[in-house]
Amino acid sequence: MTSTTERATPRGAGGHRLRHRHRHAGRITYAVLTLFAAGSLFPLVWTAVAASRNTTRLAQTPPPFWFGSNLLRNLRIAWTDANMGTALFNTVLVAGTVAAGTVLFSTLAGFAFAKLRFRFKNLLLLLVIGTMTVPPQLGVVPLYMLIAELSWTDRLQAVVLPTLVSAFGVFFMRQYLLQALPTELVEAARVDGASSWRVVWHVVLPAARPAMAVLGMLTFVMAWNDFFWPIIALTQNGNPTVQVALTGLGRGYIPDQSVIMAGALLGTLPLLLAFVIFGKHIVGGIMTGAVKG
């Protein structure tokens, strides 16, 4: 699958030579990558094709495999019926706030568990990890009772505040900082008279930036696609997120599948745009973290 070329380079007077190997992808590698890329893009392309047709054509056999002429019409109907403008704004606000809060709080907690010394640290870390084994459905009833008591029903803070920090984020940042942040660097900052907040700002955050980018990306996508809790806390006609708004398109005696696909396409495009704009920075952060690790 790969071809290798070697070049000998002299090293020192002793005649020792260092071999540099340059690996190039072969045709089989490109074929496999193309196959996986096509398989990954197929659901998105099929969604766009279905959104450009009508329900009658989608029910026929074989299904359509090329674009029709109803895309703009179906997008317009989905935008109006699903209150998509408000839903997109709310989702960007919720996902951005949840991602920023999760990254910040998880980095602080991860640094504390990785580099600070305090009583019951291991026990507290075990409790944090243990919460990952509890199904989130078990906390729905008491959580809904709490937001109802606070009069937060159908308000965005009911979705944002319960997810501002995650056990996975804390564990992820703790594991990264154990390797990427030398203890000597923190101790040197302490010796120079830096306070805890200055250590965090000038030492911890720069070292944790690659992992923060990855965690922020994962959290943003997860918050954007979250459906279970928002459908309980929010309503389709009040302050919906995209996933809640899309439920309004599936109602009726005979749901219009093409309009539902158009709404799903509208809800997916902002994520694709974000990856196109920030994809290079995200991949660069991942590679930087891999090199440091």
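**Reading a pocket and aromatic pairs**

Modeller: In this predicted model, α4 (84–115), α6 (140–149), α8, α10 and α11 (228–233) each supply at least two residues of the lining of the largest pocket.

Biologist: Which helix gives the largest share of the lining of the largest pocket?

Modeller: Rolling a probe the size of a water molecule over the atoms shows where empty space is left. Here, α10 contributes the largest share of that lining, with 6 residues. The space in the largest pocket comes to about 940 Å³. Its lining comprises 32 residues, and those closest to the centre are Pro136, Pro162, Thr163, Val165 and Ser166. Sorted by class, the lining holds 22 nonpolar, 9 polar and 1 charged residues.

Biologist: How many aromatic pairs does a search of the whole structure find?

Modeller: A pair of aromatic rings is described by the distance of the centres and the angle of the planes. The search of the whole structure yields 4 aromatic pairs. One of them joins phenylalanine 168 and phenylalanine 172, a stacked pair with 5.9 Å centre to centre and 25 degrees between the planes. Both residues lie in helix α8 (residues 167–180), 4 residues apart, about one turn of the helix. Phenylalanine 168 is partly exposed at 40% relative accessible area, and phenylalanine 172 is partly exposed at 25%.

Biologist: Why is the pair of phenylalanine 220 and tryptophan 224 called tilted?

Modeller: The planes of phenylalanine 220 and tryptophan 224 stand at 35 degrees, with ring centres 5.9 Å apart, so the pair is tilted; stacked would require planes under 30 degrees apart. Both lie in helix α10 (residues 196–225), 4 residues apart.

Biologist: Is tryptophan 224 buried or exposed?

Modeller: Tryptophan 224 is buried, at 2% relative accessibility, whereas phenylalanine 220 is partly exposed, at 22%.

Note on methods
Residues numbered from 1 in each chain as written. Predicted model: local features only at pLDDT ≥ 70, side-chain atom pairs only at ≥ 80, totals over all residues. Heavy atoms only, no water. Phe/Tyr/Trp six-rings, centres within 6.5 Å; stacked < 30°, edge-to-face > 60°. Buried < 20%, exposed > 50% of the residue type's maximum accessible area, 1.4 Å probe, protein only. 1 Å grid on protein atoms, 1.4 Å probe; cavity = no way out; pocket = protein on both sides within 12 Å on 5 of 7 lines; lining within 4 Å. Points joined across faces, edges and corners; volume = space filled by probe spheres on them. Nonpolar A, V, L, I, M, F, W, Y, C, P; charged D, E, K, R; others polar.
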